[in-house]
Amino acid sequence: MSRSFPVRRRRRAAAVAAVLAGLFAVPLPTMVAPAANAATAPVPGDPLTGSGAVNRTRLTAAQLTGGSAEDTVPDSAFALPARAAPPTHSFEGTLTLDGLATAGGFRALKDPDGYADAAATRHLPPVGIALVQNGSHLVPAKRGLQYTGNPAWNLAMGPGRAWNEDGDGQRTRASLPFALIERNANCVHNGALTFLFDNTSISEVRYQITTETCEYFQFDMWGQVAADYRPGPVEGAENLRDAYASEVKDRLPTKPISALAGDYPDSGVDVSKFGSGVTPSALSTFGFYFGGVHYVGNCRTRQGEYPFCGQMLLPSYSTAKSAFAGTAMLRLAQRYGPAVAQEKLSDRIPEAAGKTAWSGVTLDQTLDMATGNYTSPGYETDESGRTMADFFAAEPYSDKMRLALSFPRKARPGSTWVYHTSDTFLATRAMNNYLRDKAGSGADIFDMLRDDVLGPLGVGPDSLVSSRTGNSPGGVAFGGYGMFWTQDSVAKFAKFLNNDHGAVNGKQLLDPALLAATMQRTPQDRGMTTTGAKPMKYQNGFWGREFTSADNAAYTSPFYVPFMSGYGGITVAMMPNGASYYYFSDNNEFSWNAAVAEADKLAPMPGAAATAR
């Protein structure tokens, strides 16, 4: 059940590197803080109470001071140990890694397109991190996607920890999660780095990458490099500390997935079914929200467990069609009225004006993948074809727009479902221009989603940035891919749609009638019928799958499950009994029927008629 992003869409890494190498200079990140939240706790949770008597044999102080990285090591060496003592030093300033262009080791594990042929792909991009510390928590001043200008990689830094160990002398040990993000695409490769520091100096920095959510390019990367620590005030440091404390406090209550059976002992729920059906080595993580609790799976790597599972950065791929484009339309409808769904693309996209093929195509039809413009009606035949390969590879807005508009008229708009990620790009651009007409020329559709929806519902900063054209923060948001999740963010978003019905703290953010149809709660309006081996429904960027007694004898009444789906093996399923299940993987495995069956044991799924009420 593949969803968009065909393998053939990729540019050849070596060719891109040849064109782009040497064209970019990368400044250190600007130290800009988010707004303070007066209601936050002063220090994040999980205070350290250990003695510091840590029995460490890997990444010792001596190795970080003058050793070398011969290969990857168990990821536990980067993790906060059970006996960690509170840090005696506090980090505030900028950390810069040196010599990255030639440092370290690289081992390709899956690379059918020769990405590793480019030297830039085998090394980290420039890294300059402004950090502040709150208790034992290290907080980057910038979170989420950062454009580096590197030919291969953009970068994201996550919050880490600082602590003391007896074997480190008078220095404090730090560890941080980070992610490499493929330029102009959505693959994410997660790693960690660690170092020792005191008030004025720093050891060498050890780093490694041992996991990814990326179907077509998988590798290990490691190294140990000299670093520069420039202590000094970071702009808005107190706001950064307070904002992170608030973020930690406001996360959904979590328990390990194993706790689900104990919380519902009479249900017969089998927790092993969650995460099943997916090759274990390809499964990044999974989780299940039910009854006010977020039950989380682990985050496996090739070197054990990822030491920052809750901070693992996860790609959206086509879940952005739902979470960005579809949700943005629901927000516009709530702000300006539901007639926005009938806006004509040719009226809102200058490049589409005068093109006969796009005459009469509405925003609603475009989000439903029913423009009537396509080359082949076969299931994802166009999505895997040459035009879409060029569309995905194009960085400039003008090239992406030209390719998106190049499909010929074959059917009446609204009559035929044909899956095109480029259609979501067009819909996103039309919504952006509609918003500018209403709110001013500086308005941006992703910024509206961020400020009006994602921020208020408590999605973390890592998920508040979208990839854009031109590999630039000033470009146009992709729309159909290019967002990012963490475990908490994706669970909160599913809860917002499925349990809270588009409201936050009693305020309705999304048009309720259009949301009900999107969530398959309006039987007379289920959207387009898809093609493929098992036809489903497609409505406003969301999929809908019907379950009947043919799937499970326990389903005495048919019901629909709306879900978000992403390339490579990503699913976020929101069930009518209030449960939500998600997993992120990269072996093209779309298997979640078993999770629906287990959720039904906790609370039977209401039938279609009951769901509509």
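C299 sits at 0% relative accessibility, so this cysteine counts as buried, where buried means under 20% relative accessible area, exposed means over 50%, and partly exposed is in between, with a 1.4 Å probe and protein chains only. Its partner is C309, and the two form a disulfide with their sulfur atoms 1.9 Å apart; a disulfide here is a pair of cysteine sulfur atoms within 2.5 Å. C309 has 18% relative accessibility, so C309 counts as buried as well.

Before I go on, a word on what we are looking at. This is a predicted model, where local features need pLDDT of at least 70, side-chain atom pairs count only at pLDDT 80 or more, and totals for chains, interfaces and linings use all residues. Residues are numbered from 1 along each chain as its sequence is written, and side-chain values use heavy atoms, with hydrogens and water left out.

Back to our cysteines. The torsion about the S-S bond of C299 and C309 is about 70°, so this disulfide is right-handed. The pair links distant parts of the chain, ten residues apart: C299 is in the loop between strand 14 (293-296) and strand 15 (300-301), and C309 is in the loop between strand 16 (304-305) and strand 17 (314-315). Helices (H or I, at least four residues) and strands (E, at least two) are DSSP runs, numbered from the N terminus.

How many disulfides does the structure hold? Two. The other one I want to show you joins C187 and C214, with sulfur atoms 2.1 Å apart. Its S-S torsion is about 80°, so the C187 and C214 disulfide is right-handed. C187 lies in the loop between strand 7 (172-182) and strand 8 (188-197), and C214 in the loop between strand 9 (205-213) and strand 10 (218-225), so the bond ties together parts that are 27 residues apart in sequence. Both C187 and C214 are buried. If you number the bonded cysteines in sequence order, the pairing reads 1-2, 3-4.

Now, on to helix 5. Helix 5 covers residues 319-336, which is 18 residues, and reaches 25 Å from its first C-alpha to its last, close to the 26 Å expected at 1.5 Å a residue; that expected span is 1.5 Å times one less than the number of residues. Where is the kink in helix 5 centred? On T327, with a bend of about 30°, taken as the angle between axes fitted to the seven residues ending there and the seven starting there. In helix 5, 15 of the 18 residues are buried, so the helix is largely enclosed by the rest of the structure. Just after helix 5, G337 takes a positive phi of about 110°.

And who does helix 5 pack against? The axes of helix 5 and helix 11 (residues 445-454) come within 10 Å and cross at roughly 70°. Axes are lines fitted to C-alpha atoms, for helices over the stretch in contact, and angles run from 0 to 180 degrees between N-to-C directions. That crossing makes helix 5 roughly perpendicular to helix 11; under 35 degrees counts as roughly parallel, over 145 as roughly antiparallel, 65 to 115 as roughly perpendicular and the rest as oblique. T327, the centre of the kink, is among the helix 5 residues in this contact, along with A323, F324 and R331, and the helix 11 side includes I445, F446 and D452. Contact means heavy atoms within 4.5 Å.
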